[in-house]
Structure formats: C-alpha cells, structure tokens
Amino acid sequence: MKADKSNLSLFIDEELQPNEEFTVSMQLDLDCQELKDREHTFNLENNTSTVKEGIQKIKFILDESDTPQSVPSWLWIILIVFFSWAAFYIVTNFSI
C-alpha cells in the first residue's frame with residue numbers, strides 16, 4: 001500500500017496561489033523581505049493527496065523598521081576626553 005504524503009501549503013494575505021508548499025516533516029523557514037510593514041495573515045492548509053485535513057489562520061504584524069542604532073556621539077566625546085586625560089596623566093607623571 002502506498003502511503004500518502006502530507007503537504008503544508010502557505011497562503012499569505014488571501015492570495016489564491018500558495019506562497020510556499022512543504023512536507024509536514026520539515027521546518028518552516030520563510031523569507032519575509034518582500035512583505036510590507038503591516039498586518040498580515042498566514043493561511044496554512046495541511047492536506048494529503050485525497051483529503052484536506054486542516055486550515056489554520058495566523059495573524060501577525062511585520063515591523064522591520066527597527067534598525068540598529070549607532071554609538072551615541074556623547075559617548076564618543078566622553079571616551080575621547082577620558083583617553084586624552086589618561087595619556088596626559090601618563091606622560092606627565094611617568095616621564096623619565
């Protein structure tokens with residue numbers, strides 16, 4: 001007897017064609033770079049070749065506008081002042 005493979009289809013935002021199709025035994029790794037920052041819905045359909053077994057809708061909000069911040073300028077100024085003072089202290093107190 002031939003065993004049916006169970007497939008998982010991923011539809012994003014009410015699209016008619018699946019964005020991705022997977023077998024059930026795999027890990028989901030989805031590239032969201034093409035999606036815009038807003039609320040989206042994953043429609044996951046798990047089915048075999050003969051019967052649709054389940055549909056799951058997952059809502060999520062994509063917000064990729066958070067960018068890493070650089071070191072603040074006031075911290076650079078404090079570090080420069082400290083190392084300048086340290087160099088001055090070493091030169092004036094430990095000169096031969």
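In the predicted model, Arg38 touches Asp13, Phe60, Ile61 and Leu62 when residues up to four places away in sequence are not counted. This arginine is found in the loop between strand E2 (20-23) and strand E3, and its relative accessibility of 45% falls between the limits of 20% and 50%, so that Arg38 counts as partly exposed. One of its partners, Leu62, stands 24 residues away from Arg38 in sequence, yet the two C-alpha atoms are 5.4 Å apart in space.

Leu62 also belongs to the largest nonpolar core, a set of eight residues that is completed by Leu10, Ile12, Leu30, Cys32, Phe42, Leu44 and Phe60. Strand E1 (7-12) and strand E3 (39-47) are the elements that give two or more residues to this core. Such an arrangement may be read against a general tendency, since in soluble globular proteins nonpolar side chains tend to be buried together.

Strand E3 also holds Asn43, and this asparagine, with a relative accessibility of 8%, counts as buried because the value is under 20%. Beyond its neighbours up to four places away in sequence, Asn43 touches Ser9, Leu10 and Phe11, together with Glu14, Gln56 and Lys57.

Ile12, a member of the largest nonpolar core, is in contact with Asn19, Leu30, Leu35, His40, Thr41 and Phe42, leaving aside its neighbours within four places in sequence. Ile12 is likewise among the residues that line the largest pocket, the others being Asn19, Glu20, Leu30, Asp31, Glu34 and Leu35. In this lining, three residues are nonpolar, one is polar and three are charged, and the volume of the pocket is about 150 Å³. Leu30 thus appears both in the lining of the largest pocket and in the largest nonpolar core.

For the chain as a whole, the secondary structure consists of four strands and one helix, which follow one another from the N terminus in the order β-β-β-β-α. Of the 96 residues in the chain, 19% are buried, and the accessible surface comes to about 8400 Å², with 58% of this area belonging to carbon and sulfur atoms. Among the contacts in the chain with a separation of 6 or more, 44% are between residues 24 or more positions apart.

How values were computed:
Residues numbered from 1 in each chain as written. Predicted model: local features only at pLDDT ≥ 70, side-chain atom pairs only at ≥ 80, totals over all residues. Heavy atoms only, no water. Core = buried A, V, L, I, M, F, W, Y, C linked by side-chain atoms within 4.5 Å. Buried < 20%, exposed > 50% of the residue type's maximum accessible area, 1.4 Å probe, protein only. Contact = heavy atoms within 4.5 Å. 1 Å grid on protein atoms, 1.4 Å probe; cavity = no way out; pocket = protein on both sides within 12 Å on 5 of 7 lines; lining within 4 Å. Points joined across faces, edges and corners; volume = space filled by probe spheres on them. Nonpolar A, V, L, I, M, F, W, Y, C, P; charged D, E, K, R; others polar. Areas by Shrake-Rupley, 256 points an atom, 1.4 Å probe, with all protein chains shown as cover.
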